Amino acid sequence: MTENEFKLLYTIKKNGIKSYRSLRDISGLSIGYISKTFNSFTDKGYIDENGITDSGTAALQPYKVDNAIIMAAGMSTRFVPLSLEKPKGLLKVRNEILIERQIEQLHAAGIKEIVLVLGYKKEAFFYLEEKYDGIKIIINPEYNTKNNTHTIYLAKDYIRNSYICSSDNYFSENPFDEYVYRSYYSAEHVTKKTNEWYMIPDSKGNIAKVEKSGDEGDIMLGHVYWNREFSDAMLGILCDDHNVGKYDDVLWEDVLADNIKALPPMEIKVYPEGAIFEFDSLDELRKFDEDYINHTHSKILGSIAGVLKCEESDILNFTAIKEGLTNTSFVFEVKGKKYVYRHPGEGTEAIISRSHEKKALELAKSIGVDPTYIFMDEKSGWKLSSFVEGIRPPDYSDFEDSKKVISVLRALHEKQLSVDWSFLPWDEACKIEEILRTEKGGIEDKGFRELKERVEKCYNKCQGDGISMCFCHCDTYAPNWMITDKQTILIDWEYAGNADPGCDVGTYIMDSMWEVPDAERFIREYCGEKITDSEMFHYLSYTAILSYYWYVWALYREACGAVMGESLYNWHLMAGRYSKYLVEQYKL
């Protein structure tokens, strides 16, 4: 069946027998073509005076949509702060929940089987199984380590003639059809430069090339339709890659861009402006739904407004901060001033005392080491700070930066401040190891026991060597330092407490990935000209101890579902490098 024949027959199925002029207005086909094809359809028994026949419906069968796959696994980190509290697809927009509106539009189009692929806060979607017929659920346990290519892969057994949808799209009018002739990607034509994906058409209106960012053109926006031919080809690529993982970290559109010539053709289907909406930020949503200006139903924004004594409508321009291994943070503005909100990471309550952190923040502010602190809720762990312009982290290759860091550490350690709790990295590492072995399935590192034994020898030799505990930060890696032209600020006091000063010295060295001679130079600068061999051993040992602590901590975080990436390896490497050096050099 040609595309025009399909278009006319499907028009008759949807609308019944109409005048040629009415069919022209609906289908866009010429009256001459309609007249000629009408007679052909009658001869074939596809239509009669009552409309489409069973034979006509059978002729459309190859083009019938089997189902829709709705991707709802991701965290939508750009949509802070609302995405920290609920999945984006469950937001209520203009009094309708996004994913419910989309399900109902699919049902209205005759598409009854809908497959939801869930990950982040998956349980929040479970009610949809009871509310709607035809819902099937797939769980993506790797939603936070892989991109939506894995979501597509998990749904492979369902994908045939299928719509591929995102849970957070809002369609002004129902864009779905029960029968579709060929694969397409929905689009909107833009006339200005954007950072969206642009589809470059060939002479037939199919995608010839995909480019990231551009000027005027057709950008990817909204749902996609895969026919069986396209589905088989795309799933073949994803299945071949499953054990290789080349595409684990990218969107399925990257796979499309890389393989566009090998895949069956996909039409660019342009919708008018205002037909499809994707909200990439709360600011964008507020422009569409004014209810979000004054009341977002967000506890986070309510808390911010309470502390800053402002209205929710005053809180604007949200930007997620990607740095940070433990927590999620974002920048926002209130009346022209920028602030940072810190949201505690999942699982951190088991290893971090927020009441201790709050006291540490207050002490750090009182001595000017961290002037950014504004407020922290010690029960939930969220924190509010001032944003500092023009900052940069220290450059480990520039020793002048290290001197600035040392100056702050000396000032902190020499204040003789004290609190009623301690940070004991060796003891804490042992506690976390116990949690890993008893609650998280064990430790896979076959060399772990040998590493632990070497670090323990270093730790034991440091005991009673005359270096006293003091109030320390205990997490002095580069992202926690903010250097400006006028000041050097140390932020994020989650692990602060009475501790060996080697915790601060060793953590900085650990993160620098320095070889031992560079570490010794840093330690000499910190200790001064009268440094002893015992002091040098002590601080080198704490580099091994802190590296070991952070390695065990990273194993725990990954067991909780976080992605530690290269950091986990680096901490393992530094613990091994320094413990091995000290055991051999000092014949421990």
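**Exercises on a predicted model**

Helix α14, comprising residues 354–366, lies across β18, β19 and β20 and runs at about 160 degrees to β19. The model examined in these exercises is a predicted one.

**Exercise 1.** Determine the strand order of the open sheet and identify its edge strands.

*Solution.*
1. Five strands make up the open sheet, and their order is β16-β17-β18-β20-β19.
2. The pairing is antiparallel.
3. The edge strands are β16 (315–321) and β19 (373–376), as each of them pairs on one side only.
4. From one strand to the next, the twist averages 25 degrees.

**Exercise 2.** Describe the pairing of β17 with β18, and state which residue of β18 is the bridge partner of Thr 328.

*Solution.*
1. Strand β17 covers residues 328–334 and strand β18 covers residues 337–343.
2. The two strands pair in the antiparallel sense over seven bridges.
3. In β18, His 343 is the bridge partner of Thr 328.

**Exercise 3.** Establish which strands helix α13 touches and how its direction relates to that of β17.

*Solution.*
1. Helix α13 (residues 299–308) packs on the sheet, where it touches β16, β17, β18, β19 and β20 (383–386).
2. The direction of α13 makes about 50 degrees with that of β17.

**Exercise 4.** Locate Gly 89 and decide whether this residue is buried or exposed.

*Solution.*
1. Gly 89 lies in the loop between α5 (82–85) and β4 (92–93).
2. The relative accessible area of Gly 89 is 2%; the cut-off for buried is under 20%, so Gly 89 is buried.
3. Leaving aside residues up to four places away in sequence, Gly 89 touches Ile 97, Leu 98, Ile 99, Ser 167 and Asp 168.
4. Tyr 170 is 81 residues from Gly 89 in sequence, with a C-alpha to C-alpha distance of 9.7 Å.

Definitions and conventions: Residues are numbered from 1 along each chain as its sequence is written. This is a predicted model: local features need pLDDT of at least 70, side-chain atom pairs count only at pLDDT 80 or more; totals for chains, interfaces and linings use all residues. Side-chain values use heavy atoms; hydrogens and water are left out. Helices (H or I, at least four residues) and strands (E, at least two) are DSSP runs, numbered from the N terminus. Buried means under 20% relative accessible area, exposed over 50%, partly exposed in between (1.4 Å probe, protein chains only). Contact means heavy atoms within 4.5 Å. Two strands pair if DSSP finds at least two bridges between them. Axes are lines fitted to C-alpha atoms, for helices over the stretch in contact, and angles run from 0 to 180 degrees between N-to-C directions.
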